[in-house]
Amino acid sequence: MTTTTTTSTGAASVGTPAAAPPPRQRRKVEGIYYAFLIPTLVIFTLAITVPAIIGIFFSFTNSIGFGDWNFIGLTNYRAMFSDPAVVSSYLFTFGFALVSVLLVNLIAFLLAVALTSKIKLKTGLRAVFVIPMVVSGIIIAYVFNFLFSNSLPAFGQSAGIDWLSESILANPDLAWVGIVIVTVWQAVPGTLLIYIAGLLAIPGEVYEAADIDGASKSRQLMFITLPLVAGYVVINVILGFKNFLNAYDIIVGLTNGGPGTATRSIAMTIFTGFSGGDYAYQMANATLFFVIVVAISGLQLWLTRGRNAV
C-alpha cells in the first residue's frame, strides 16, 4: 500500500525563516524636478534667507541703516524689555491675535455647518461669503474707517446711544474692537473654505448610522463632526494665529496705531522704527518676534501631534 503525502505550497516549513523582502529600489528623480527646485531655492535664498541673516547680524550693532556702525552685542535686546512702546505692542498684538483667531474659527465653523446642510441656495451663499477674501485689506479698512467715524456716530446720535455717538476708533479702550471686527470680517472666508472642505470629506454613511441609532443633531455635531474635522481646526488655528500676529494693513487703514500707541502692532512698531533711524534696534525686535512665532508654531504642532492629520 502506497501512502502519498501532500504538502500545501502556501505553508512555510516550521523553523524555516521567512524569505527577506526584496530591497526597495530608490526611485530615480527626473531632471525636470531639479529644474523647478533649484531656481526656487536660489530666489528664496537671495530674497529671504540672506537678508534675514544680514538683519540678524545688524541687530547686534548700532547701525541706523546706512553709514558707519559699531558692534554693541546684546544692548538692543536688553533695551527692548524696558521699552514701554515695545512691550505694549506685544501685549496688544498677542491679545488681538488670540481674540481674532477664536472668533474667526467659531464663526467660520458655524457658517460651514450651515452651508453644508440641506438648505436652499447654499452654493450662491458660499460665493457671497467668500467675497471679503478677495478685497484688499487696506481698502476694507478705509471703508470701515468711514463707517466707524461717520455712519455709526450719526446713528448713535439719532438713537440717543452715547457710547456710539463718537467714533470707537478714537477711543483708546474701544479702538481694538473695531480692528477685531474688520479683521474677522475679512478672515472668515478663507477659514470657511477649509472647514467646508473638511465637512464635505466626512462620509455620509456616518451620519446615516447616527440617525439610525437615534443621535440628535447636536450630539452628531459634538461627537462626530468635531472629532472628524479636528485636523482642519488645527490648520486654521495655526495659520490664523500666525497671520494675525503679523497684522499691519488693516490697523494702518483704521487707526494707524492710535489713539496714541493703543493699537500699534509689533509689525507697525518695527516698520516705524526702520524709518525713524532705529534700524538695528528694530532688527533686534524683528529677530525676537521671529523666534517667538517659531516657538509658538512648534508648540502648537507638538500639542496637536497625532490629532492634526487631515
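A cavity is a set of grid points where a 1.4 Å probe fits but cannot get out, and its lining residues have an atom within 4 Å of such a point. I set this down first, for use in the entry on the cavity below. I also note that the model is predicted.

**Entry 1: the chain as a whole**

I began with the secondary structure and found twelve helices and zero strands in the chain. I read the elements from the N terminus on, and every entry in the order is α. I then looked up burial: of the 310 residues in the chain, 32% are buried. Among contacts with a separation of 6 or more, I noted that 69% join residues 24 or more positions apart.

**Entry 2: the nonpolar core**

I turned next to the largest nonpolar core, which holds 46 residues. The members that touch the most others are F96, F148, V182, L192 and L254. I listed the elements that give two or more residues to this core: α2 (75-80), α3, α5 (137-159), α6, α9, α10 (249-254), α11 (266-275) and α12. The greatest share comes from α3, with twelve residues.

I followed one of these residues further. Which residues does F96 contact, leaving aside its neighbours within four places in sequence? I found I179, V180, T183, F244 and A247.

**Entry 3: helix α9**

I examined α9, which covers residues 230-245 and has 16 residues. From its first C-alpha to its last this helix reaches 23 Å, close to the 22 Å expected at 1.5 Å a residue. Its buried residues are G231, Y232, V234, N236, I238, G240, F241, F244 and L245. I recorded that F244, one of these buried residues, is also among the contacts of F96. I then asked what covers the buried residues of α9. The cover includes α3 (84-115), α6 (175-200) and α12 (279-303).

**Entry 4: the cavity**

I searched for enclosed space and counted one cavity of 30 Å³ or more. The volume of the largest cavity is about 30 Å³. Its lining consists of I238, F241, K242, L245, V293, I296, S297 and Q300. The elements that give two or more residues to this lining are α9 and α12. I noted that I238, F241 and L245 line the cavity and that these residues of α9 are buried. By class, I recorded five nonpolar, two polar and one charged residues in the lining.

**Entry 5: the largest pocket**

I moved on to open space. The largest pocket has a volume of about 630 Å³. It is lined by 16 residues, and those closest to its centre are T116, S117, Y207, K217 and Q220. I found that α6, α7 (204-212) and α8 (217-228) each supply at least two residues of the lining. The lining of this pocket divides into six nonpolar, five polar and five charged residues.

**Entry 6: the second largest pocket**

I closed with the second largest pocket, which contains about 500 Å³ of space. Of its 17 lining residues, A52, M283, A286, T287 and F290 lie nearest its centre. The elements that give two or more residues to this lining are α1 (31-58), α11 and α12. Which element gives the most to the lining of the second largest pocket? I found that it is α1, with seven residues. By class, I recorded 13 nonpolar, four polar and no charged residues in this lining.

Notes: Residues numbered from 1 in each chain as written. Predicted model: local features only at pLDDT ≥ 70, side-chain atom pairs only at ≥ 80, totals over all residues. Heavy atoms only, no water. Helix = DSSP H or I, 4+ residues; strand = E, 2+ residues; numbered from the N terminus. Expected span 1.5 Å × (residues − 1). Buried < 20%, exposed > 50% of the residue type's maximum accessible area, 1.4 Å probe, protein only. Contact = heavy atoms within 4.5 Å. Core = buried A, V, L, I, M, F, W, Y, C linked by side-chain atoms within 4.5 Å. 1 Å grid on protein atoms, 1.4 Å probe; cavity = no way out; pocket = protein on both sides within 12 Å on 5 of 7 lines; lining within 4 Å. Points joined across faces, edges and corners; volume = space filled by probe spheres on them. Nonpolar A, V, L, I, M, F, W, Y, C, P; charged D, E, K, R; others polar.
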